Amino acid sequence: MGSRLVLSDTVAAMGSGARAAARAAFVGLCLLSAAGCRRAEGAERVDGSEVFRTACARCHGTDGAGGPPSLGGRAAPRNFRDAAFQASRTDDQLHAAIRSGTGTGMPAFAAALGEEQIAAVVRVVRSFDPRGGHP
Ligand code: HEC
């Protein structure tokens with residue numbers, strides 16, 4: 001967020017025409033390259049718990065305990081407080097499931113989250129491990 005504050009300070013110091021042009025250029029850059037925007041954000045420390053709260057908690061619960069199955073007999077959102085589940089997956093497998101989805105109710109997040117954000121949210125998933133897990 002720091003860089004965005006700096007940007008708006010700089011932009012505020014310009015005349016209104018220059019300000020509009022600068023804003024258009026910045027938005028244009030983001031539209032041209034979503035990956036570029038993600039990388040710019042990734043340069044700062046990604047807050048995995050913020051990602052979890054906004055993108056995952058509605059299905060997996062704010063406490064990671066999972067939720068009821070969606071309609072249509074699909075799988076229930078995973079309970080991350082289940083030690084057996086935690087033990088049965090590597091970090092890479094969790095990362096892949098979040099990036100690509102499972103095809104059984106867990107959506108793919110590749111379009112919404114950058115690699116750093118996925119890695120950060122994998123750490124949050126691990127933090128629910130009742131055995132103490134990773135930090
Ligand atoms: C629309 C509801 C929904 C949302 C939103 C959602 N999930 Fe899931 N997730 C599921 C369901 C349902 C499953 C169980 C799928 C299965 O067992 O095949 C699941 C399974 C998982 C698994 C286990 C995959 C495995 O290896 O069995 C992980 C890890 C996971 N979700 C992480 C996340 C993270 C992190 C987010 C947020 C970025 C998220 N989920 C958002 C519904 C959701």
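Begin by selecting Pro 130, which is exposed because just 10 other C-beta atoms lie within 10 Å. Here a residue is exposed if 12 or fewer other C-beta atoms lie within 10 Å of its own, buried if 20 or more do, and partly exposed in between, with C-beta atoms placed from the backbone. Pro 130 sits in the segment after helix 7. Helices (H or I, at least four residues) and strands (E, at least two) are DSSP runs, numbered from the N terminus.

Before going on, note that this is a predicted model, in which local features need pLDDT of at least 70, side-chain atom pairs count only at pLDDT 80 or more, and totals for chains, interfaces and linings use all residues. Residue numbers start from 1 along each chain as its sequence is written.

Now add Asp 82 to the selection: its C-alpha atom is 7.1 Å from that of Pro 130, although the two are 48 residues apart along the chain. Leaving out residues up to four places away in sequence, Pro 130 touches Arg 81 and Ala 83; two residues are in contact if their C-beta atoms, placed from the backbone, lie within 7 Å.

**The whole chain**

Show the full chain and color it by pLDDT, the predictor's confidence in each residue, from 0 to 100. The average is 78, and 64% of the residues score at least 70. Helix 1 (residues 2–12) has the lowest mean among the elements, 44, and helix 6 the highest, 98. Residues 1–15 stay under 50, and the model has eight contacts for them beyond four places in sequence. Residues 25–37 also stay under 50, with three such contacts.

In cartoon view there are seven helices and zero strands. Of the 135 residues in the chain, 16% are buried.

**Helix 7**

Select helix 7 (115–127). Its 13 residues should span 18 Å at 1.5 Å a residue, and its end C-alpha atoms are 19 Å apart, which agrees. The expected span is 1.5 Å times one less than the number of residues. Which residues of helix 7 are buried? They are Gln 117, Ile 118, Ala 120, Val 121, Val 122, Val 124 and Val 125. These buried residues pack against helix 4 and helix 6.

**The core**

Next comes the largest nonpolar core, which has 14 residues. Such a core is a set of buried Ala, Val, Leu, Ile, Met, Phe, Trp, Tyr and Cys residues joined through C-beta atoms within 7 Å. Helix 4, helix 6 and helix 7 each give two or more residues to this core, and helix 7 has the largest share, six. Among the residues with the most contacts inside the core are Phe 52 and Ile 98. Select Ile 98: beyond four places in sequence, Ile 98 touches Phe 109, Ile 118, Val 121 and Val 122.

**The loop before helix 7**

Move to Ala 111, in the loop between helix 6 and helix 7. Ala 111 is exposed because 8 other C-beta atoms lie within 10 Å. From Ala 111 to Ser 100, 11 residues away in sequence, the C-alpha distance is 9.4 Å.

**Around the ligand**

Finally, select the ligand and the 21 residues around it. A residue is near a molecule or strand if its C-beta atom, placed from the backbone, lies within 6 Å of it. Which residues come nearest? Cys 56, Cys 59, Thr 104, Gly 105 and Met 106 do. Helix 4 (48–60), helix 6 (91–100) and helix 7 each supply at least two residues of this shell, and helix 4 gives the most, with five.
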